[in-house]
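Student: I am new to this structure and would like a close look at one part of it, the sheet, and at what lies around that part. Please take me through it slowly and explain the terms as you go.

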Amino acid sequence: MEDMIQVDRAMRTQQDTKISAKGVQVYYGDNHAIKDVNVEIDDKTVTAFIGPSGCGKSTFLRCLNRMNDTIDVARVMGDILIDGEDIYDPKVDPVQLRAKVGMVFQKPNPFPKSIYDNVAYGPKIHGLARNKAELDEIVEKSLRKAALWNEAKDRLDAPGTGLSGGQQQRLCIARAIATAPEVLLMDEPCSALDPIATAQVEELIDELRQSFSVVIVTHSMQQAARVSQKTAFFHLGNLVEYDDTDKIFTNPQDSRTESYISGRIG
Amino acid sequence: MSNLLIIAIILALGVAGFIMGRGRALRSAGGDKRELHSLPIYYGANVALSALLPAAGLLAIWLIAQPFAINNAVSGLILDESIEETGTRDLVMADVRRVAEGLDRAVDTGAMDAEASFALNTDTDDVRDTLGSLGVALGSDVTPDTLAAAQRYRELSGTGNLFKTLAVIAAGLIGLGVTYLRTHKDFRARNTVENGVLLLLIGAACIAVLTTLGIVLSLIFNTIEFFRLYQASEFFLGTNWSPSFSGRGQTSALGILPLLWGTLYISFVALLVAVPLGLFAAIYLSEYASKGVRSVAKPLLEVLAGIPTIVYGLFALLTVGPLLVEAFGEGGLFGVSWMAGGTAVMTAGLVMGIMLIPFVSSLSDDIINAVPQAMRDGSYGLGATKSETVRQVILPAALPGIVGAVLLAASRAIGETMIVVLGAGAAARLSLNPFEAMTTVTAKIVSQLTGDSDFASPEALVAFALGITLFVITLGLNVFALYIVRKYREQYD
């Protein structure tokens, strides 16, 4: 295993590989949702998954923090390594893993708690703060990173559900980064937002790239082009093409990618 | 003409109206139903409804109003002496109605012809004997004024019934005729039928509401009657409940406090059993159980809700009571002698708690399931375990609904009767010991109204005062439950 990572490192002189998936298969009952996907996701990079509805991009994203475990009928096969460690190894605690691999969902889903408690939720359950002052600091830092601090600092005790849609989504991002994850997964984070809120979240994603490896599933090809450095195109459960974003959008190798990008399928 | 026959005639008018209306509409369109504004069935229904609804409404109003009108007209004929002799005007009026009915029956069976029945005279004929031979027993001899009132009563009801028959049938015919004439291919029958349907639905809703109102009013009137005979302050503040069955209220102590205490104590024990068990069962079923377990366990749990409460009562009396005595009684397992007999607050409370489990669990299960999956995903996505998610995200989100479910269960516990009658004993007492026998408001309502007590005595009327107190308490709880549920409902949308 170490060897392979060494090889990877050698190949990519600039960037480290954060996540490495090999021969991943996912079944929902009898439905073969993901077919033999191999992908290497770089650290401190935004990677976009694009593809038509039902192509398996969200399913694959949920494999990366074992969220599929919460679905009874889902079975995952193959190897997914994060920093060279197999996350489906029986020794790995999925609960710990999810603290390391944060996730932001399609629809903003703040808990019915105050803004402060929403952000403090993860640090509290994982015991990341020694005292209240530290917790306050984590909350403030996360909200600042999520570009929500200025709007929320005077109403930390107000319910998170009272925020606007875009603010709620940024609250969810703050909540996810409060546990100090190494990877941030985003499942269509802007599909329920208006264009202004989308622009704010996209700007935020670009900033988050400094600290995390970000994987984003999106339906909008413009969004993928705007925010990501690498793009993967999924079609019918297969990873069709994976390359630098510029290359995918200007010079796709596969005819299916080209059709999708030019709007002929999907 | 009997009411049944009148109803049959109206129905026949309706059927005839349907066929006629449909035919007329089709004829006006030259037999081509595409020319019609509405489907032919609507024209028929329109005519049928306008024959049926006014006639039926008129009949209903008439049936309610006529007895009142006749009673008012007749009661003026009764002399004050007769009232003093019998007790109350109502009792004399009951006699009047019995005499009138008896005479009508005599005419019906041919024992007397109509003229002879009106010519009766208390001096020459023995009315009581004549009616007695026809199976109408009277408590005392018929006085002249009672007979006169009875004759007037018969006359008025006779004319009333005749007018009723004529008016109702006329209403049916007029409705039928007018609508029949208006039926034409361009007539918007569909819209009119829509209004008719609306009326029908409003009528159904009104009946439900009016019935509730009627129940409440009857409770209120009897309660007022009770408070005329018994001091309200003694009823609400009295700490002693010992009704005497012979006296007229003077020797009875009818304080509600021991009963209310018993009710609340038993309900409290029941909720102490039902809320944790029901809630945990609901959490297991909705969050942890696999599909297979859930599909078996949930119906099994809900079977508990289908068991008649009298069966729970038997269970309390025969199983739980003796078991508790074995544990807490003299020489029992714990070496304490807190419990003298099988019937106790604990017995009734435990069994009632078991009865309430499906109530709490099934409502809570629905509420927990209504918490959006996104909440769970959000929490799992942050690395929370299942129980952390349940404790910190799902329960807070579902709390208002769960509180509502608990309050509804509480109002059921307060209104429960059979388990208490069999499990809690019959002694009204204010005590803190849960192993002592106590009784509740509902159990005492049963015991005050069963047996032959004089219905005008405070000992019987107290049942209504108890009933309305209970009603106010459960109503308050229900309103409070609804308020809580509404107030917090939108929180996670």
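Tutor: In chain A, an open sheet of 6 strands with mixed pairing runs in the order β6-β7-β8-β3-β9-β10, where strands (E, at least two residues) and helices (H or I, at least four) are DSSP runs numbered from the N terminus, and two strands pair if DSSP finds at least two bridges between them. This is a predicted model, in which local features need pLDDT of at least 70 and side-chain atom pairs count only at pLDDT 80 or more, while totals for chains, interfaces and linings use all residues. Residues are numbered from 1 along each chain as its sequence is written, and chains are lettered from A and ligands numbered from 1 in the order in which they are written.

The edge strands are β6 and β10 (238-244) of chain A, each of which pairs on one side only, and from one strand to the next the twist averages 15 degrees; such angles run from 0 to 180 degrees between N-to-C directions, with axes fitted as lines to C-alpha atoms, for helices over the stretch in contact. At the β10(A) edge, strand β9 (residues 230-235) of chain A pairs with β10(A) in the antiparallel sense over 6 bridges, and Phe234(A) has Leu239(A) of β10(A) as its bridge partner.

At the other edge, helix α7(A) lies across β6 and β7 (183-187) of chain A and runs at about 170 degrees to β6(A). Both α7 (165-177) and β6 (101-104) of chain A, together with α3 (94-100) and α4 (115-126), are the elements that give two or more residues to the side of chain A that touches chain B. There, 24 residues of chain A are in contact with 18 residues of chain B, contact meaning that the C-beta atoms of two residues, placed from the backbone, lie within 7 Å. The chain A side comprises 10 nonpolar, 9 polar and 5 charged residues, with Ala, Val, Leu, Ile, Met, Phe, Trp, Tyr, Cys and Pro counted as nonpolar, Asp, Glu, Lys and Arg as charged, and the others, Gly among them, as polar.

Leu184(A) and Val215(A) are among the residues that touch the most other members of the largest nonpolar core, which has 155 residues. Such a core is a set of buried Ala, Val, Leu, Ile, Met, Phe, Trp, Tyr and Cys residues joined through C-beta atoms within 7 Å, and a residue is buried if 20 or more other C-beta atoms lie within 10 Å of its own.

Notes:
A residue is buried if 20 or more other C-beta atoms lie within 10 Å of its own, exposed if 12 or fewer, and partly exposed in between; C-beta atoms are placed from the backbone.
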